[in-house]
Amino acid sequence: MMKRRMFVGGFAAGAMMMAGWPTGVWALEASTAKAHVEATVAEMLAIVQGSGDAAAKAQSLKGLMTSRAAMPQISRFVAGRAWRDMDSSQQAAFSEAFLHFVSTVYARRFQGYAGETVTVGSTSDEGRKGILVRSKVSQSSGAPISVDWLVTDRPGRVVIADIVIEGVSLLLTQRDEVAGMLSAKGGDINALISDLSGA
């Protein structure tokens with residue numbers, strides 16, 4: 001079960017994650033949000049099932065996350081209060097390092113892929129947050145795991161803003177993890193960036 005949850009977490013992170021949105025008027029359709037998730041899932045499975053080692057898959061994962069997720073907003077949210085303490089060059093370095101960290105860590109976990117399948121289901125309107133698209137990740141043994149994808153067009157394009165695995169927000173989980181890493185470095189932002197870059 002733990003291995004399976006790690007894979008699901010990796011799968012979800014590969015697609016990802018809501019903070020610091022610009023203001024404006026949005027008209028995201030549920031069908032558009034669902035199609036975005038379905039396309040993301042298809043691309044993700046192609047990476048997981050494809051040839052190549054973890055490093056090659058990490059590179060593919062970076063591209064997927066950049067194109068289909070709200071990475072600038074995600075990076076800012078994950079950094080938390082530390083973001084305000086960074087200058088512009090540190091913010092850029094952190095964003096790039098975080099993208100490297102997430103793609104590398106979860107690409108390694110993809111090596112444990114065991115034939116999981118993803119079924120995209122219903123949607124619900126979450127107001128200003130976006131459209132929630134529900135899915136199930138299942139395999140030959142064990143109960144399926146619920147994975148909900150929050151999709152928004154608030155940055156000016158359709159992106160995944162967060163992924164909720166059995167009620168747990170991946171966005172908040174990543175923020176807690178980064179906060180722990182920063183604390184372990186005594187609040188040294190450059191040391192944190194170095195650690196993320198070296199994952």
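**A walk from leucine 132 to helix 4**

Hi everyone, let's begin with one residue: leucine 132, which sits in strand 2. Keep in mind that we are looking at a predicted model.

Is leucine 132 buried or exposed? Its relative accessible area is 13%, and buried means under 20%, so leucine 132 counts as buried. Now look at its surroundings. Setting aside the neighbours within four places in sequence, leucine 132 is in contact with Ser122, Thr123, Ser124, Glu126, Asp148, Trp149 and Leu150. Take aspartate 148 from that list: it is 16 residues away along the chain, yet the two C-alpha atoms are separated by 6.4 Å.

Let's step back to the sheet. It is an open sheet of five strands, in the order 1-2-3-4-5, and the pairing is antiparallel. Strand 1 (117-125) and strand 5 (168-169) are at the edges with a single partner strand each, so each has one side without a neighbour in the sheet. Further in, strand 3 (residues 145-152) and strand 4 run antiparallel and are joined by six bridges. There you can find valine 151 opposite isoleucine 160 of strand 4. Packing on the sheet is helix 2 (residues 30-49), which touches strands 1, 2, 3 and 4. The direction of helix 2 makes about 160 degrees with that of strand 1.

Last stop: why is helix 4 (residues 71-79) described as largely enclosed by the rest of the structure? Because seven of its nine residues are buried, among them Met71, Ile74 and Phe77. The elements covering those buried residues include helix 3, helix 6 and strand 4. Just after helix 4 comes glycine 80, with a positive phi of about 65 degrees. Thanks for listening!

Terms used:
Residues numbered from 1 in each chain as written. Predicted model: local features only at pLDDT ≥ 70, side-chain atom pairs only at ≥ 80, totals over all residues. Heavy atoms only, no water. Buried < 20%, exposed > 50% of the residue type's maximum accessible area, 1.4 Å probe, protein only. Helix = DSSP H or I, 4+ residues; strand = E, 2+ residues; numbered from the N terminus. Contact = heavy atoms within 4.5 Å. Pairing = 2+ DSSP bridges. Axes fitted to C-alpha atoms, helices over the stretch in contact; angles between N-to-C directions.
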